[in-house]
Amino acid sequence: MAGLFTLRLRPRPTPSFSSYQSPSTALASRLLLFLTILSLCLAAYAFMLQWRGGFSDPTTQWLRFDDHHVFAQMGVSRPARRSSSSDCEGILTQTRTLSFPYFRDWKFNVGSSSAPDIRPKICITTSTSAGLEQTLPWIYYHKVIGVTSFFLFVEGKAASPHVSKVLESIPGVNVIYRTRELQEQQEKSRIWNESWLSGFFYKPCNYELFVKQSLNMEMAIVMAREAGMDWIFHLDTDELIYPAGTREFSVRELLSAMPADTDIVIFPNYESSVERDNIKEPFSEVSMFKKNFDHLTKETYFGNYREAAHGNPNYFLTYGNGKSAARIKDHLRPNGAHRWHNYMKIPVETKLDEAAVLHYTYTKFSDLTSRRDRCGCKPTKEDVKRCFMLEFDRDAFIIASTATEEEMRYWYNAHVVWANEEVKRKLQKKGVLTRIYAPMVIIQNLRESGVFSSVIADAQGNIVKESLLSTEKNVSGNVGSRKIGRSLESQATARKALVFGESESESEFVAVPPESPPTMDDILLLDI
């Protein structure tokens, strides 16, 4: 019987993992897979929208523009690609660097009659003889970062009909010619008869320019008040404002953040450090700059001074005391080309920790001869002192006046060009040299988008028929309203900021000239 009831035990097969899954677990797995696929699809869709300009990326918004609205608000039409035999237009349209692929849809209202009343309104005044290849990138770059108006005191090449007509066609740009009428007005101005500027009178070259700039700044204050401006800069056309530290790369944002009692904002200057001797477009080709003393620690500055000086008399080739913006108030006056002052009080100044003015000085080899050709001084150690305030300018003038072109190029490469890669890496690591690309990218994309060529083309139609009239205006001094031709009564009314009483002893104040940065001899003084 036992054999009849013997049981054969067989091992049961091991169930698979899926057999343990409950219906709810299986549903969750499918849902997770669906959500993963959906997320990937949405990410791909968002990427395509951003690439095609479908929505704004706040992290790149300040570097985006290309749309029709941008050009309309800058005062130019949507540009058509066109070729030109003009050397100037060729420089302003050619491509030398790569552009950002998403430079689109950046909208800003500058210089347009339909633009909203955005505050603060900022203007720049300058005295220039430069051509369009320099002034157009300079103007439109500053429009991009929030400058509203420009007061250009022009002479030389900048006053020629084919240049000035283009400048006059740009909304927000006011062109003032150096006519006999202008000179007569300035000779009757207040600062012409004040002692703080008198030490620069009756001297040639840089001293003459310094006086001319100060007189032009005085007139620009009046024009800025009439135009409803809030802040005024004085810059040269080889200088760009660099609003570092702002979220939108905006000088308007920078000045909006200033306390209400701030009268003057000082922008320390960085100096260009060129890396070859064949630069043609400094704003588009130079990216390396030497930082100002004010933006370095004392240990870093003096610890690297000799290498940073690059075999030259001083840390910078030229000035090191920066430029400034002034809040437009009653009794404002210039204090030389680098500062502002007030007749009734000591202004409250703020010096910026990040923002700067980028100075593109001696960036082209031809800058040596251009300075030489503008001055009639003798190329001697003694005579150049009455022509130039800074030591490097004196040395450069002597070299340009006495050396052959081959010798000049050798000197230029030894004193201006930074070719030693090891030294550059060391000084960049120490923070003395820095790379700055934002102006280069903005200007290159303005050029590639046809902004400059469009402005030139739009103005060319009227140049021929009006060139004779422009010449007659320059000779007679009878300029239009945009060129300072206002009535004497209007001038007297507008100058109320300059003719009130005075609370300062003029003998105690001297105009601030271009000054070199601290030298090794100053290290003990700075410890006091």
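This report describes the fold, nonpolar cores, surface and selected residues of a single chain.

The model is predicted: local features require pLDDT of at least 70 and side-chain atom pairs pLDDT 80 or more, whereas totals for chains, interfaces and linings use all residues. Residues are numbered from 1 along each chain as its sequence is written, and side-chain values rest on heavy atoms, with hydrogens and water left out.

**Overall architecture**

The chain contains 20 helices and 14 strands; these are DSSP runs numbered from the N terminus, with helices being H or I runs of at least four residues and strands being E runs of at least two. Of its 528 residues, 51% count as buried. Here buried means under 20% relative accessible area, exposed means over 50%, and partly exposed lies in between (1.4 Å probe, protein chains only). Among contacts in the chain with a separation of 6 or more, 79% are between residues 24 or more positions apart; a contact means heavy atoms within 4.5 Å.

The accessible surface of the chain amounts to about 25,900 Å², and carbon and sulfur atoms account for 55% of that area. Such areas come from the Shrake-Rupley method with a 1.4 Å probe, and for residues only the protein chains shown count as cover.

**Nonpolar cores and a surface patch**

In soluble globular proteins, nonpolar side chains tend to be buried together. A nonpolar core is defined as a set of buried Ala, Val, Leu, Ile, Met, Phe, Trp, Tyr and Cys residues joined through side-chain atoms within 4.5 Å. The largest such core has 76 residues, of which Leu136, Trp138, Ile139, Tyr140, Phe233, Phe267 and Leu368 touch the most other members. Helix α4 (residues 132–144) supplies the largest share of this core, seven residues. A second, separate core comprises 19 residues, including Ile221, Ile232, Ile328 and Trp340.

On the surface, Leu31, Phe34, Leu35, Leu38 and Leu42 form a nonpolar patch whose accessible area together is about 480 Å². Patch residues have over 30% relative accessible area and no salt bridge (a side-chain nitrogen of Lys or Arg within 4 Å of a carboxyl oxygen of Asp or Glu). Like charges are joined within 9 Å, and nonpolar side chains (Val, Leu, Ile, Met, Phe, Trp, Tyr) within 5 Å. Leucine 31 belongs to helix α1 (residues 23–51) and is partly exposed, at 47% relative accessible area.

**Residues in loops**

The table gives the loop position and relative accessible area of selected residues.

| Residue | Loop between | Relative accessible area |
|---|---|---|
| Glycine 156 | β2 (149–154) and α5 (161–168) | 55%, exposed |
| Tyrosine 202 | α7 (195–198) and α8 (206–226) | 79%, exposed |
| Histidine 331 | β9 (323–327) and β10 (332–334) | 15%, buried |
| Aspartate 383 | α13 (366–374) and α14 (391–402) | 13%, buried |

Tyrosine 202 has a positive phi of about 60° although it is not a glycine. Histidine 331, also a residue other than glycine, has a positive phi near 70°. The peptide bond from arginine 119 to proline 120 is cis, with omega near -5°, and proline 120 sits in the loop between α3 (87–93) and β1 (122–128).

The side chains of aspartate 383 and arginine 386 are joined by a polar contact of 2.5 Å. A polar contact is a pair of N or O atoms within 3.5 Å; within protein, one must be able to donate a hydrogen and the other to accept it, and residues adjacent in sequence count only if both atoms are side-chain atoms. Leaving aside residues up to four places away in sequence, aspartate 383 touches Cys377 and Lys378. The C-alpha atoms of glycine 156 and arginine 178 are separated by 9.4 Å, the two residues being 22 residues apart along the chain.
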